[in-house]
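Please read the following report alongside the sequence and the model. It goes from backbone features to salt bridges, surface and internal spaces.

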Amino acid sequence: MSLISPIEDRSVNMESTPTAVAPANAYWTYVEGFRSLAREGRPDRLADVLLARLDGLEQPVHDLVSPRLAHEEPDRVQALANIFHHIQQHDGPAAVRYFRQTVVEQLLIALTTKASVPPERLDGLQRLIAYCQIEDDQQLAEQMRLSLWGILTSQLEKPFPEILSLAPKARERARSAFDLWLAVTPPVLGEPNCEDGLYTPQVEAIKAAFIQTLHKFEVRKVSSRDNIDLLLLLYRGVMTAAPKLAGQDYFWRMCKLAEGNNQSNKEFLSHWRGLWWEYGQVLDTWPEWKMLFIAGLEDQILDDEREHELPSTAEKALTFMSDRGEELIRLIRMRDARFMAGKSREEAAEKPAAPSSNVESIFRPMKTA
Amino acid sequence: MPLFSDSIESYDPDADGSFQTAIDNIVLDMKGDSNPYGNITSIAQESLNNGCNHPHGGRCVDMEKLVRDHHSHQKASGAVARNKPDEDLRRVVPFHTFVDYHHKGGVKALANLVRVGAVKTTTIPIKAMRGSTGRDTDPSWWTFGPPPPANGQQYADELALTVEHKHPTGAPADAAMIKGVVEVRIPPSAFPRDIFKPSALDAFCRNSKFEPNLSPDDHGWTKPDIAKVGLVSRPEFVSQSFAYSEIKDDIDLDVTYLSY
């Protein structure tokens with residue numbers, strides 16, 4: 001029972017957590033031992049201890065015994081994420097590097113080895129990639145991207161853009177590798193082959209994979225739920241690799257796919273809105289990325305050459321973009337109303353007896369804005 | 001033949017007494033003539049005793065599994081399903097549990113949300129929730145009624161979610177990663193499972209903060225630390241954990257984020 005009052009308890013500065021205190025129980029013996037390995041730069045030992053924890057081994061590994069989960073640690077992966085958090089808070093950049101490097105190396109081994117890998121280990125390493133925020137270490141992220149891109153370009157039976165037509169097992173492998181590739185790739189703000197950009201063939205392959213898969217949906221050659229997830233993942237790809245184009249074109253095509261009242265449209269719309277809930281949370285994290293994407297959206301909304309109304313399902317997605325979403329929705333409504341007014345004026349011109357519309361005057365200020 | 005109550009009293013897997021409250025709760029919660037509102041029914045007690053009458057030396061083989069098999073939603077518990085309240089049932093979990101278990105949209109999605117470190121209070125389309133309300137092996141805990149407080153730490157204290165595991169120096173430990181809690185509301189009409197008044201078997205864990213409710217109430221009550229001023233006790237139910245995909249209605253769920 002702690003003698004520290006709740007108020008004092010909350011005021012403890014985590015930066016001052018000592019690292020040389022003799023731990024009082026099995027849990028802290030393990031945490032301190034793990035942190036020491038990271039501080040000392042022993043990636044080989046660190047890997048053994050990390051894998052033992054993920055695999056649920058109860059025997060000592062390098063004198064460290066995986067403890068039972070602490071309160072509020074729902075599983076061993078989040079327990080390791082907690083340790084990473086301690087290392088990040090207290091043990092310096094070199095220790096952080098060793099932890100991240102160990103996770104990346106072990107994941108790449110697990111993805112490429114011919115030996116069987118326990119599913120819990122693979123799942124755990126993947127989730128740790130997310131918890132460790134690998135993309136913050138540019139060198140390590142680049143190494144991981146190269147390896148994963150290698151899997152996508154040289155270890156599949158077909159080129160990556162044909163991902164949808166791969167056999168189910170290979171498709172799942174490709175989907176997983178691309179998900180990981182995205183997880184370590186920040187939004188691409190530059191043009192291809194420039195400093196902040198990807199290589200042109202990468203961007204083209206991602207766009208082609210998305211467009212080919214989307215096309216199969218548009219011509220109703222796919223419908224299964226698994227493939228909706230694949231299409232959404234590929235949309236994440238174009239949002240990352242070509243954000244402006246995603247706003248100008250791809251976003252609207254996805255919204256179009258969600259229009260209609262049949263079950264598959266509704267199913268798709270639900271998933272699509274789910275993705276937009278998430279983008280509503282994350283777009284603000286990268287203002288430049290958000291700006292590029294919105295510039296793309298605005299290009300499409302304000303396009304004077306456009307000869308069609310925009311899909312009304314766009315509103316259901318944009319709602320999640322809070323402030324900017326509302327502005328964009330208002331803009332879409334105004335432009336579509338003006339478009340419709342123009343259309344009825346044309347029709348009226350063809351039929352001289354028809355009454356004139358007053359809609360144009362309502363929206364006339366838009367033209368001078 | 002050993003009785004379950006005898007075997008449980010000596011259960012101490014960490015050799016540090018961290019299960020003592022959980023064990024005391026079980027003893028308190030056994031229904032009997034002098035304890036008519038105990039939540040561990042006579043059906044459960046008989047079944048637990050049978051679980052200890054194992055051919056291999058007459059010991060309870062795996063105490064935690066035996067307890068799990070008698071969680072309130074399990075048939076062997078003999079517990080009666082309760083009426084759902086007329087209002088939303090609310091599941092409250094730490095932020096990372098929410099983004100990892102409840103949302104579960106892939107590695108990219110997890111990396112995105114871990115980076116953001118919080119979620120906006122909003123509605124979430126049910127299809128975005130591709131995870132589940134909790135681990136298969138654990139019951140999910142639900143509250144309802146009074147609205148949440150403004151502060152996540154207070155809510156966590158009131159619902160006994162607060163981390164007790166402390167560094168030997170007294171510094172908060174695994175709390176370090178918890179930046180807030182997330183509450184997900186599910187309307188009773190869409191709720192796909194029966195709900196039960198919790199028993200001490202549902203809360204059999206290290207450093208348990210549960211206290212069995214031995215009154216005729218339909219639900220339990222959380223017992224926040226009385227040393228912390230201003231905390232309120234909240235009603236609680238348990239259900240079997242379930243995947244969000246089992247909610248058939250195409251609805252949006254209210255999600256509230258409360259920072260620490």
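In which loop of chain A does Asp63(A) lie? In this predicted model, Asp63(A) belongs to the loop between α3 (43-55) and α4 (76-90) of chain A. Its backbone deserves a look, for the phi of Asp63(A) is near 70 degrees, a positive value in a residue other than glycine. As background, most residues other than glycine have a negative phi. Asp63(A) is classed as exposed because its relative accessible area is 75%, where exposed means over 50%.

A second residue with this backbone feature is Gln133(A), which has a positive phi of about 50 degrees although it is not a glycine. Gln133(A) sits in the loop between α6 and α7 of chain A, and with a relative accessible area of 11% Gln133(A) is buried. The residue returns below, since Gln133(A) is among those that line the second largest cavity.

**Salt bridges**

Over all chains, the count of salt bridges comes to 36. Three of them are set out here with the distance between the closest nitrogen and oxygen.

| Basic residue | Acidic residue | N to O distance |
|---|---|---|
| Arg127(A) | Asp123(A) | 3.2 Å |
| Arg335(A) | Asp304(A) | 2.9 Å |
| Arg135(B) | Asp138(B) | 3.2 Å |

The pair Arg127(A) and Asp123(A) lies within helix α6 (residues 119-132) of chain A, and because the two are 4 residues apart they are separated by about one helical turn. Arg127(A) is buried, at a relative accessible area of 10%, whereas Asp123(A) is partly exposed, at 36%.

The bridge between Asp304(A) and Arg335(A) has its closest N and O atoms 2.9 Å apart. Asp304(A) is placed in the loop between α13 (287-301) and α14 (313-318) of chain A, and Arg335(A) in helix α15 (residues 322-350) of that chain, so this pair ties together parts that are 31 residues apart in sequence. Asp304(A) is exposed, with a relative accessible area of 64%, while its partner Arg335(A) is buried, with a value of 10%.

In chain B, the side chains of Arg135(B) and Asp138(B) meet at 3.2 Å, N to O. Arg135(B) is partly exposed, with a relative accessible area of 32%, and Asp138(B) is likewise partly exposed, at 30%. Elsewhere, salt bridges that share partners join Asp75(A), Asp123(A), Arg127(A) and Asp100(B) into one network.

**Chain B and its surface**

Chain B contains 7 helices and 7 strands, and from the N terminus its elements follow the order α-α-α-α-β-α-α-β-β-α-β-β-β-β. Of the 260 residues in chain B, 52% are buried. On the surface, Leu28(B), Tyr37(B) and Leu214(B) form a nonpolar patch, with about 270 Å² of accessible area together. Tyr37(B) is located in the loop between α2 (20-28) and α3 (42-52) of chain B, and Tyr37(B) counts as partly exposed because its relative accessibility is 41%.

**Pocket and cavity**

The second largest pocket has a volume of about 550 Å³. It is lined by 21 residues, of which Glu142(A), Arg145(A), Glu195(A), Gly197(A) and Leu198(A) are the closest to its centre. Helix α7 (residues 138-154) of chain A gives the largest share of this lining, with 6 residues. By class, the lining of the pocket divides into 11 nonpolar, 5 polar and 5 charged residues.

Across the whole structure, a search finds 4 cavities of 30 Å³ or more. The second largest cavity holds about 60 Å³ of space, and both chains contribute to its lining: from chain A come Ile129(A), Gln133(A), Ile134(A), Glu135(A), Ala183(A) and Trp286(A), and from chain B come Lys108(B), Ala111(B), Asn112(B) and Arg115(B). Helix α6 (residues 107-116) of chain B supplies the largest share of this lining, 4 residues. The lining of the second largest cavity comprises 5 nonpolar, 2 polar and 3 charged residues.

**A loop contact in chain A**

Ser165(A) is found in the loop between α7 and α8 (168-183) of chain A, and at a relative accessible area of 35% Ser165(A) is partly exposed. Ser165(A) and Thr213(A) are 48 residues apart in sequence, with their C-alpha atoms 9.1 Å apart in space.

Key: Residues numbered from 1 in each chain as written. Chains lettered and ligands numbered in written order. Predicted model: local features only at pLDDT ≥ 70, side-chain atom pairs only at ≥ 80, totals over all residues. Heavy atoms only, no water. 1 Å grid on protein atoms, 1.4 Å probe; cavity = no way out; pocket = protein on both sides within 12 Å on 5 of 7 lines; lining within 4 Å. Points joined across faces, edges and corners; volume = space filled by probe spheres on them. Nonpolar A, V, L, I, M, F, W, Y, C, P; charged D, E, K, R; others polar. Patch = residues over 30% accessible without salt bridge, like charges linked within 9 Å, V, L, I, M, F, W, Y side chains within 5 Å. Areas by Shrake-Rupley, 256 points an atom, 1.4 Å probe, with all protein chains shown as cover. Salt bridge = Lys/Arg side-chain N within 4 Å of Asp/Glu carboxyl O. Buried < 20%, exposed > 50% of the residue type's maximum accessible area, 1.4 Å probe, protein only.
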